[in-house]
Structure formats: structure tokens, C-alpha cells
Amino acid sequence: MTVNMTKGQAISLQKNDGGSLTAVRMGLGWQAAPRRGLFGSRTREIDLDASAVLFAEKQPVDVVFFRHLVSDDGSVRHTGDNLVGGVGQGGDDEAILVDLQRIPVHIDQIVFTVNSFTGQTFQEVQDAFCRLVDETNGQELARYTLAGGGSYTAQIMAKVHRSGPGWTMTALGSPANGRTFQDLMPTILPLL
């Protein structure tokens with residue numbers, strides 16, 4: 001059963017039987033919003049990029065994005081860059097796979113971001129979402145849908161963080177401006 005999350009909401013990544021999830025996929029999907037023009041509606045391709053920043057005690061120690069597809073320890077993997085969005089027709093356009101069992105013990109948070117590398121704003125994006133999927137069985141666990149567009153070029157979407165012996169996901173939904181994850185660090189740090 002999928003939990004439709006709201007900004008700030010957190011869910012445990014424990015299974016109903018008390019066990020912990022072992023591998024999850026953070027999927028990202030979006031479509032270009034139609035624009036009215038002189039000759040009717042049209043859409044422009046939108047290139048959004050998903051990134052995962054790994055933190056240890058509020059310090060960034062690794063990042064996974066379209067130019068560094070696998071974390072140094074191999075626990076986090078990006079499936080590849082999608083330059084246009086909407087390809088999945090409601091499915092994932094980009095995805096980041098996280099092997100929770102392989103994450104080194106010093107890593108305590110993974111923050112997922114989305115940014116427009118080409119500088120287009122979220123006013124040009126519709127139906128953007130991130131979702132967490134149990135990678136072992138394909139079941140969607142949680143979904144966070146962005147409400148409305150804005151004049152920003154990035155979103156700090158969600159974080160997965162250690163909570164006792166397991167993990168928790170928190171929907172962040174914080175708008176930001178920047179073309180890369182490095183540009184977003186001043187916005188990310190207060191959310192840790």
C-alpha cells in the first residue's frame with residue numbers, strides 16, 4: 001500500500017513483519033507543462049537531474065548523479081540520465097537504487113535532489129514526483145508529488161536517514177535554485 005506523503009511527513013522503512021527493507025529505489029518522474037503560444041499549445045523538453053548526496057554527521061562524503069553513477073562504496077547507484085522527462089508516462093524517468101545493507105555505518109543520511117541543469121524553472125514542469133519503491137518486490141511504498149510549479153530551478157525532494165536500527169524517509173519538498181547539487185548545498189544543510 002502506497003503512502004501519499006506531504007511535505008515534512010516521515011515514514012519508517014520497516015516492513016510490516018518487523019524486518020527492514022534491504023534495497024530501495026528512489027524514482028523521479030516529470031513531464032513538461034504545455035505552454036500556450038501563438039499557434040496553440042506546445043511543450044518543451046525539460047532536463048531534470050536526480051542526485052543523491054550521502055552525509056556523515058552533516059558532512060557530505062559522496063554524491064551520486066549523472067556524472068558519477070555509483071557511490072564510492074557501491075551502495076548507491078544512479079540508473080542514468082534522462083534528458084527530456086515524460087518518457088515513463090507516469091513511471092520513473094530517472095532512478096537511484098540504494099542497497100541499505102551495504103551503506104557504510106558512518107553514512108547517516110542520504111538527501112535526494114532534483115535540479116534543472118539547463119536552468120528551466122519548475123513553472124515549466126508538471127506532474128513531478130518522487131517515489132520510494134521496495135526494490136526486492138517492486139512495491140511502491142511512498143510517493144511525494146510536487147504541488148504546483150514555481151520560479152525555482154531545483155527541489156530538495158526527500159531524505160532517507162538512520163532511525164535506531166533502521167531507516168526513515170522524510171519528504172522535504174524544499175524549493176531551491178541551482179543547476180547542480182553543489183549549488184544546492186546551502187539549502188540542504190539546514191534540512192539535515
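## Pairing and confidence

Two strands count as paired if DSSP finds at least two bridges between them. Strand S1 (3–4) meets that cut-off with strand S12 (residues 139–145): two bridges join them, and the two run parallel. Within this pair, Asn4 has Arg143 of S12 as its bridge partner.

The model is predicted. Mean pLDDT for the protein chain is 84, and 85% of its residues reach 70 or more. Confidence is lowest in strand S5 (residues 40–42), where the mean is 50. It is highest in strand S7 (residues 59–64), at 97.

## The mixed sheet

S1 and S12 belong to an open sheet of six strands. The order is S1-S12-S11-S3-S9-S8, and the pairing is mixed. S1 and S8 are the edge strands, each pairing on one side only.

Strand S3 (residues 23–32) and S9 run antiparallel and are joined by six bridges. Here Arg25 stands opposite Leu97 in S9. Strand S8 (residues 76–78) also pairs with S9, over three bridges and in the antiparallel sense. In that pairing, Val76 faces Val98 of S9.

How enclosed is strand S9 (residues 94–99) by the rest of the structure? Largely, because five of its six residues are buried. Buried here means under 20% relative accessible area.

## The antiparallel sheet

Another open sheet also has six strands, in the order S2-S14-S13-S10-S6-S7. Its pairing is antiparallel. The edges are strand S2 (10–12) and S7, and each pairs on one side only. On average, neighbouring strands of this sheet are turned by 20 degrees against each other, direction ignored.

S10 and S13 run antiparallel, with seven bridges between them. One residue of this pairing is Ile110, which stands opposite Val160 in S13.

## Helix H1

Which residues of helix H1 (residues 181–188) are buried? They are Phe181, Leu184, Met185 and Ile188. These four cover an arc of only 135 degrees around the axis, so they lie on the same side of H1.

The buried residues of H1 pack against five strands by name: strand S6 (48–56), S7, strand S10 (109–116), strand S13 (154–163) and strand S14 (166–176). Those strands appear in the antiparallel order S2-S14-S13-S10-S6-S7.

## Nonpolar cores

The largest nonpolar core has 40 residues. Val98, Ile110 and Met169 touch the most other members. Several elements give two or more residues to this core: S3, S6, S9, S10, strand S11 (125–134), S12, S13 and S14. Which of them provides the largest share? S3 does, with five residues.

Val98 sits opposite Val76 in the S8–S9 pairing. What does Val98 touch, leaving aside residues up to four places away in sequence? Its contacts are Thr22, Ala23, Val24, Ser75, Val76, Ile103, Ile110 and Phe112. Ile110, in turn, is the residue opposite Val160 in S13.

Another core, of 14 residues, lies apart from the largest one. Among its members are Val111, Ile156, Leu184 and Ile188. Leu184 and Ile188 are also among the buried residues of H1.

Key: Residues are numbered from 1 along each chain as its sequence is written. This is a predicted model: local features need pLDDT of at least 70, side-chain atom pairs count only at pLDDT 80 or more; totals for chains, interfaces and linings use all residues. Side-chain values use heavy atoms; hydrogens and water are left out. pLDDT is the predictor's confidence in each residue, from 0 to 100. Buried means under 20% relative accessible area, exposed over 50%, partly exposed in between (1.4 Å probe, protein chains only). The arc is that of the directions from the helix axis to the C-beta atoms. Contact means heavy atoms within 4.5 Å. Axes are lines fitted to C-alpha atoms, for helices over the stretch in contact, and angles run from 0 to 180 degrees between N-to-C directions. A nonpolar core is a set of buried Ala, Val, Leu, Ile, Met, Phe, Trp, Tyr and Cys residues joined through side-chain atoms within 4.5 Å.
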